Each structure stands twice: as structure tokens, then as C-alpha cells.
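Colleague: I've got a model open here and I'd like to talk it through with you. Can we start with the charged pairs and then move on to how the pieces pack?

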Amino acid sequence: MTDEKEYVLEPLKNWFQRQKAKWQLMEPKNDRYETGWDLEARRKNEDLLIEAKFINRSFLSSFTALVTAPLAKRPQHFMKKKYRGWSHGICWAIGTPYQLQNIYQILFDYFARNLIFWKHYGQDLKMKYIFFVKDNKIAKIRFNDMLEKASIYKRKAEDKPLKEKRKIAGELMESLKYA
């Protein structure tokens, strides 16, 4: 079992199964993740296509994979004739053994560099949520809310040292509830 499956996908599947809404879950049959999404979750009028990454080394390569995943023409397994359903939303699931405020800070830095691009990226690709996974607990934030926080971060963290940037990122994400 890969780290991604063990530390990100399994806790995320358990989280979906604990929800009041009955989610149908679909994942590739083997650990080498074929060409599809890492996890697909479906309920009435909502299909979530999830790309998952466990970040334990280079953030840049993992982030690149998250960003480019929605661009690939991956089929949605629940669809028989079409490539994606009308109610789909693309999600990122990020897990890490490191402190999450470090990951928040790096994400905010990337988003803050070009907020206009990320806004269009989110609209054009129908980005829905970012799931953060830490110690088998899940926190969910809407992609657009993350961009709003990145805008605030950009104003507050300009010309600050790394330690202060991480503190600001942690404060912005304090309201995130892990369950």
C-alpha cells in the first residue's frame, strides 16, 4: 500500500462513509492508479473527482501533479457515455507528516502570486474543495474560500520572513475544523 493510499485516501474514504449523505465511492482497482481519478465520490446531484497527494518530500512536484490533474482528459467512471457529468466538481486531497501550517503557507504563496489566474483556474475547471488530511482527520475548505484567504495572506505577509508567513497562514486557517 502506498503512502498516498494509506495516509490520504483511506482516511478520506472513511470520512465520506461517516457522512449523513450516502456517498458511492469508486477508486481504481490497483495501487498504481491507472489513468483515472484517485477517488470518485458520488451522491445525488454531486460528483466529486478527487486527486490526492501525500507530501513527504518535494512540495513542488506534488503540487504540479495536483494542478495538472484536472487538465488531463480522465474519464469519470460513473459516466457511461460522457467524459464528465454536469454536476462534477474537482477536489484536491493533501496529506502530510509535517505541520499543516507549513503546507498552508506554501499554498498561499503559490495562490498569492497570481490570484487572477487561480480564480479562472477554479471557475474553468470547476474546482470544488481542498481536503486536508492529518492523522486520519479530514478538514474541508471550498477552493474559492482558499483563494479569498490567499488574498488576505498576500496583504498581511508581504515582505515578512518565513516564520511570520507561516504564523499568518496558521492564523488564517485556524477556523478549519478537523473531523
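**Charged pairs, sheet and helices**

Modeller: Sure, and keep in mind that this is a predicted model. A good place to begin is K13 and E27, whose side chains form a salt bridge with N and O 2.4 Å apart. K13 sits in helix α1 (residues 3-18) and E27 in the loop between β1 (24-26) and β2 (39-43), so the pair links distant parts of the chain, 14 residues apart.

Colleague: Is K13 buried or exposed?

Modeller: The cut-off for buried is under 20% relative accessible area. K13 comes out at 13%, so K13 counts as buried.

Colleague: Which residues share one salt-bridge network with K13?

Modeller: Side chains of opposite charge can pair when their charged atoms come close. Here some salt bridges have partners in common, and that joins them into one network. The members are K5, E10, K13 and E27.

Colleague: How many salt bridges are there by this rule?

Modeller: The rule asks for a side-chain nitrogen of Lys or Arg within 4 Å of a carboxyl oxygen of Asp or Glu. K13 with E27 is one such pair, and E46 with R43 is another, at 2.8 Å between the closest N and O atoms. The count comes to eight.

Colleague: Which residue in β5 forms a salt bridge with E46?

Modeller: E46 is in strand β3 (residues 46-54), and its partner is in strand β5 (residues 127-134), 82 residues apart. The closest N and O atoms of that pair are 4.0 Å apart. The partner is K128.

Colleague: Of E46, R43 and K128, which counts as buried?

Modeller: Take the partners before E46. R43 is partly exposed, with a relative accessible area of 31%, and K128 counts as partly exposed at 26%. At 10% relative accessibility, the residue that counts as buried is E46.

Colleague: Now the sheet: which strands are at its edges?

Modeller: Six strands form an open sheet with mixed pairing, in the order β1-β2-β3-β4-β5-β6. An edge strand here pairs on one side only. That gives β1 and β6 (137-142).

Colleague: What is the bridge partner of M26 in β2?

Modeller: β1 and β2 pair in the antiparallel sense, over three bridges. For M26, the bridge partner in β2 is E40.

Colleague: On to the helices. At what angle do α3 and α6 pack?

Modeller: Helix α3 (residues 100-113) and helix α6 (residues 162-172) have their axes 8 Å apart. Among the residues making the contact are Y104 and F108 of α3 and K165 and L172 of α6. By class, that contact has five nonpolar, four polar and four charged residues. Angles of 65 to 115 degrees count as roughly perpendicular, and α3 and α6 are therefore roughly perpendicular, at about 100 degrees.

Colleague: And how many nonpolar residues are in the contact of α3 with α5?

Modeller: α3 and helix α5 (residues 143-157) pack at about 85 degrees, with axes 9 Å apart, and are therefore roughly perpendicular to each other. Residues that meet there include L107 and F111 in α3, and M146 and L147 in α5. By class there are one polar and three charged residues, and the nonpolar ones number nine.

Colleague: Last one: which strands does α3 lie across?

Modeller: Helix α4 (residues 115-125) lies across β4 and β5, running at about 125 degrees to β4. α3 runs at about 155 degrees to β5. The strands α3 lies across are β4 (88-95) and β5.

Notes. Residues are numbered from 1 along each chain as its sequence is written. This is a predicted model: local features need pLDDT of at least 70, side-chain atom pairs count only at pLDDT 80 or more; totals for chains, interfaces and linings use all residues. Side-chain values use heavy atoms; hydrogens and water are left out. Axes are lines fitted to C-alpha atoms, for helices over the stretch in contact, and angles run from 0 to 180 degrees between N-to-C directions. Helices (H or I, at least four residues) and strands (E, at least two) are DSSP runs, numbered from the N terminus. Angles under 35 degrees count as roughly parallel, over 145 as roughly antiparallel, 65 to 115 as roughly perpendicular and the rest as oblique. Contact means heavy atoms within 4.5 Å. Ala, Val, Leu, Ile, Met, Phe, Trp, Tyr, Cys and Pro count as nonpolar, Asp, Glu, Lys and Arg as charged, and the others, Gly among them, as polar. Buried means under 20% relative accessible area, exposed over 50%, partly exposed in between (1.4 Å probe, protein chains only). Two strands pair if DSSP finds at least two bridges between them.
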